[in-house]
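Trainee: Could you take one part of this model and look at it closely with me, backbone and surroundings included? After that, I would like to hear how other parts of the chain compare in the way they are described.

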Amino acid sequence: NKASTHADVVCTVQAATADSATLEVNLATSCGIPTIFGTTINGNAKMSVKTVSTAKASVSRLDLVLALDTSSSMSTSKLMALKRSAKGLVDQLATPDGRVRIALVPYGSSVNAGVYGNRAAGRADTDDTEHDGVGRVCVTERKGAEAFSDAKPQPGAWTGAPAGRTKVCGRRKIVPLSTDTDALKTAIQNLTRSGYTRGHLAVAWSWYLISPNWADFWPVDSKPLPYGSPIDKKVIVLMTDGVFNGARSGMGLGTAVEQGEKLCDEIRATGIIIFSIAFQAPAAGQTLMRNCATSASHYFEADDEAGLDDAFKTIGRQFYGVSISG
């Protein structure tokens, strides 16, 4: 701003410091401003004005999961709109220094966790009990005391995997946290629609993907950030055009909606931020998304493609900026 001052205002920078640890820049200046009557009244031709300002960057590391509804109710046009908006968010958040990592959880009648589904269920990577290929492991609800937790998968606390032959989930697998924007956008572009809306499974696996309790489970470059960082952010973006359904019977865990809301409650308690989007969803779906969101300001209703795109862009703008604090 010094360059745009009036010619008769002279300013000097007295001190300027930058702290890489706190991401703060401190600036102290002193300006001499000519007076109109000063010389006559008190003999001073200029008035001295000193300022001290601090600019704090809100730049942080970000682990973000996109949980995207690819059920049969997502018409071709809606799925195309979702792909454009989701890929736009990936581009919006991409940074050259790897501070932002994004994971993907497509869901329909289930979540295809691939080899990770076998491992989380305590099965061998090559297990193909369902006879539908080792690249398709359609996970189910987690049983027991850890049904609504992010406890590490281990004996006595395995996650669910289907028993018997079933082809209820698509071939598009989850993508662990990654900085490879091209690969992420390709995975999004390749999404296809089919099946029910078992979104409660997507909520659970979104949590697992960014839970530090699962750090040893994922590839080295996909190890989640720790909980409790004052700077880093852990975020889930949950989107549906319907309402969760198809909970597995006999589990005693409640309906798909009840499970989804319970999981959202537990996730928010860890400090993870949940943004939710109801895209042309019925009233029950809107209520579900509203209940899952971190707050009312984290919930979006999109009535058309433009609204969906605006929701994703608004979410992307939450994580960067600089504020003047003093």
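Mentor: Gln 280 is partly exposed, because its relative accessible area of 40% falls between the 20% limit for buried and the 50% limit for exposed. Please keep in mind throughout that this is a predicted model. Gln 280 sits in the loop that runs between β8 (273-279) and α7 (283-292), and its phi is near 50°, a positive value in a residue other than glycine. That deserves a second look, because most residues other than glycine have a negative phi.

His 131 can be read beside it, since His 131 also has a positive phi, of about 60°, although it is not a glycine. This residue belongs to the loop between α3 and β6 (175-178), and His 131 counts as exposed because its relative accessible area is 55%. A further loop position to set next to these two is Gly 254, found between β7 (233-240) and α6 (256-269). Gly 254 is partly exposed, with a relative accessible area of 35%, and, leaving aside residues up to four places away in sequence, Gly 254 touches Ala 247 and Gln 259.

Gln 259 leads from that loop to a helix packing, for Gln 259 is among the α6 residues that make the contact with α5. The axes of α5 and α6 are 8 Å apart and meet at an angle of about 20°, which means that α5 is roughly parallel to α6, and their crossing is left-handed. From α5 the contact uses His 200, Val 203, Ala 204 and Trp 207, while α6 supplies Ala 256, Gln 259, Gly 260, Leu 263, Cys 264, Glu 266 and Ile 267. Sorted by class, the residues of this contact are seven nonpolar, three polar and one charged.

A second packing, that of helix α2 (residues 76-93) with helix α8 (residues 305-316), has an angle of about 20° and axes 9 Å apart. These two helices are therefore roughly parallel to each other, and the crossing of α2 and α8 is right-handed. On the α2 side the contact includes Ser 77, Ala 81, Leu 82 and Arg 84, and among the α8 residues they meet are Glu 305, Leu 308, Asp 309 and Phe 312. Here the classes come to seven nonpolar, four polar and four charged residues.

Aromatic rings give another view of the fold, and the structure holds eleven aromatic pairs. One of them joins Tyr 116 and Phe 217 in a tilted arrangement, at 6.0 Å centre to centre with 50° between the planes. Tyr 116 lies in helix α3 (residues 114-120) and Phe 217 in the loop between α5 (199-210) and β7, so this pair ties together parts that are 101 residues apart in sequence. Tyr 116 is buried, with a relative accessible area of 15%, and Phe 217 is buried as well, at 14%. Phe 217 also pairs with Trp 214, this time edge-to-face, with 4.8 Å between the centres and 70° between the planes, and both Trp 214 and Phe 217 are buried. Ring pairs link these residues into a cluster that is made up of Tyr 116, Trp 205, Tyr 208, Trp 214, Phe 217 and Trp 218.

Note on methods:
Residues are numbered from 1 along each chain as its sequence is written. This is a predicted model: local features need pLDDT of at least 70, side-chain atom pairs count only at pLDDT 80 or more; totals for chains, interfaces and linings use all residues. Side-chain values use heavy atoms; hydrogens and water are left out. Helices (H or I, at least four residues) and strands (E, at least two) are DSSP runs, numbered from the N terminus. Buried means under 20% relative accessible area, exposed over 50%, partly exposed in between (1.4 Å probe, protein chains only). Contact means heavy atoms within 4.5 Å. Rings of Phe, Tyr and Trp (its six-membered ring) pair if their centres lie within 6.5 Å; planes under 30 degrees apart count as stacked, over 60 as edge-to-face and the rest as tilted. Axes are lines fitted to C-alpha atoms, for helices over the stretch in contact, and angles run from 0 to 180 degrees between N-to-C directions. Angles under 35 degrees count as roughly parallel, over 145 as roughly antiparallel, 65 to 115 as roughly perpendicular and the rest as oblique. A crossing is left-handed if the near helix is turned anticlockwise from the far one by less than a right angle, and right-handed if clockwise. Ala, Val, Leu, Ile, Met, Phe, Trp, Tyr, Cys and Pro count as nonpolar, Asp, Glu, Lys and Arg as charged, and the others, Gly among them, as polar.
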